[in-house]
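Visitor: Please take me through one part of this model in detail. I would like the sheet, the helices on it and a helix pair.

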Amino acid sequence: MRILMVLPELAPFYKYSRLGLGYNLHNLIFNLNSETSIIMPFYDQMRTIKCRKIETYDDLSLTLYQGNIPGTDKVIFFLKPGDHFFDPFYGNHVDIEQVLHFSRGVARFVQNHPFDVVHSHHWQGGLVPLLIRNLELHVRTVYTFYDLDQQGPIEPGDLESFKLSEKHLNEIDKLGNLSLVKLGIIFADDVTTTSRHYTHEVQEQEFGHELDPYFLQISNKLFGINNGVRYGEWNPAKDDHLLIHYKDLAGKREVKKNLQKELGLEVGEKIPLILYGGRLTSENGCALVLDALPDILQLSVQVLVYGTGDTDFQIQLKEMAAEYYNLKVVVGYNNDDEHRYFAASDMILLPSREAPGSTLHLRAMRYGTIPIARRTGAFVDVIKDTSSRDPKGANGFLFSSYYSNSLIQIVEEALDVFHESSLWEQYVKNAMAEDWSWKYSAKQYEELYQRFGS
């Protein structure tokens, strides 16, 4: 089966998205067994890559180049406009005309080359399924959306030059306000996102971002396939970022003591260390954490906050750290430190408003760090609390109401378990036993692709 991945970014060529899309798609592609090719825009930042010109679409002012992902035989194609490059399809001032231009080139490429499945990603790939359907090609289309914060709004006039059939124009007329995401979910043969639970949430008004009626309409072709984790990189038993490797709670406690000394915190395995960080933004629950911290810090705990984000949040956190001896704030991001913080912490706060594709909880759990998360998105797919069908398999804590009192209450519940040594050890064992590798995710995508032959 021949698969074409249509991507706005891919590591190592270009990485931008806060979703970690460039890395995640790289990991997915290298775990697929199908014959997979990739096509992406040729950005100015990529001008030094090794590739060769193979086709020119003069009527579209586009040139097709072919290269390989460095160190592999995996083929990747790049579309380049005229005598310049595409501007990155990210940031606050994306030129939607360039995104449409790229999509037109992808459709021409698929028209000229045989593929069984074309799988386009994120809002930038939303037009591709419609264009392929309009060409009446015997190609199955899969469209993956990652979140709904950006939808790529367009006007009907933006589609006038695509020579769409009257049938498709009539369908589009019924859609009201247009966006690339809306076109993707309506016209793709199958639609996926990065969480099983999120597929249900987007059918509700709270999470649907005004697309919930359309998700209800396409629910029979909507699938959730969770992102995976590279356990070769995130593994406390052989992590190069750690001075002490471990496979159980006893080893983890030694790592924790070392970090407590380093940060100037009281050293003691019975003092719970709670981690929060990454992106210090409202979407990531930073405002909620700030509201709850004064009460949490009264609970005989230690809290470590790290990361970058909203300047006001950073200032407030630093001011609070000056007031509380048991709060440490590290502004900035360092991959080495993140590994060490995951390994040393007992718990991690994950109070995101939405979490369709998060893997923070998966990485933390492999290190025996117990998630305290909002009951949303990918967290629900993995985290089992005592209310789950298998309370003996509990590996974390979930809360629903987005209020500081709810966060404080769930932290108190986690601390009660922490102080029951044997019970806490079982939570840690359960968490570390979770297996969400990319091989598992890739297998699910391949099963979806096989629907083409059914």
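Guide: Here is the sheet, followed by its helices and then the helix pair. Keep in mind that the model is predicted.

Start with the sheet. It is open and has 6 strands, in the order S14-S13-S12-S15-S16-S17. The pairing is parallel. S14 (327-331) and S17 (397-399) are the edge strands, and each pairs on one side only. On average, neighbouring strands are turned by 20° against each other, direction ignored.

Now look at S12 (residues 273-280) and S15 (residues 347-350). These two strands run parallel and are joined by 2 bridges. Isoleucine 274 has methionine 347 in S15 as its bridge partner.

Next, the helices on the sheet. H11 (residues 311-323) lies across S12, S13 (302-309) and S14. Its direction is about 145° to S14. H15 (residues 404-418) also packs on the sheet. H15 touches S12, S15, S16 (370-374) and S17, and makes about 165° with the direction of S17.

Finally, the helix pair. The axes of H9 (residues 249-263) and H12 (residues 335-344) come within 8 Å. They cross at roughly 120°, so H9 is oblique to H12. The crossing is left-handed. From H9, the contact takes in Lys252, Val255, Lys256, Leu259 and Glu262. They meet Arg340, Tyr341, Phe342, Ala343 and Ala344 of H12. Sorted by class, this contact has 6 nonpolar and 4 charged residues, with no polar ones.

Terms used
Residues are numbered from 1 along each chain as its sequence is written. This is a predicted model: local features need pLDDT of at least 70, side-chain atom pairs count only at pLDDT 80 or more; totals for chains, interfaces and linings use all residues. Side-chain values use heavy atoms; hydrogens and water are left out. Axes are lines fitted to C-alpha atoms, for helices over the stretch in contact, and angles run from 0 to 180 degrees between N-to-C directions. Helices (H or I, at least four residues) and strands (E, at least two) are DSSP runs, numbered from the N terminus. Angles under 35 degrees count as roughly parallel, over 145 as roughly antiparallel, 65 to 115 as roughly perpendicular and the rest as oblique. A crossing is left-handed if the near helix is turned anticlockwise from the far one by less than a right angle, and right-handed if clockwise. Contact means heavy atoms within 4.5 Å. Ala, Val, Leu, Ile, Met, Phe, Trp, Tyr, Cys and Pro count as nonpolar, Asp, Glu, Lys and Arg as charged, and the others, Gly among them, as polar. Two strands pair if DSSP finds at least two bridges between them.
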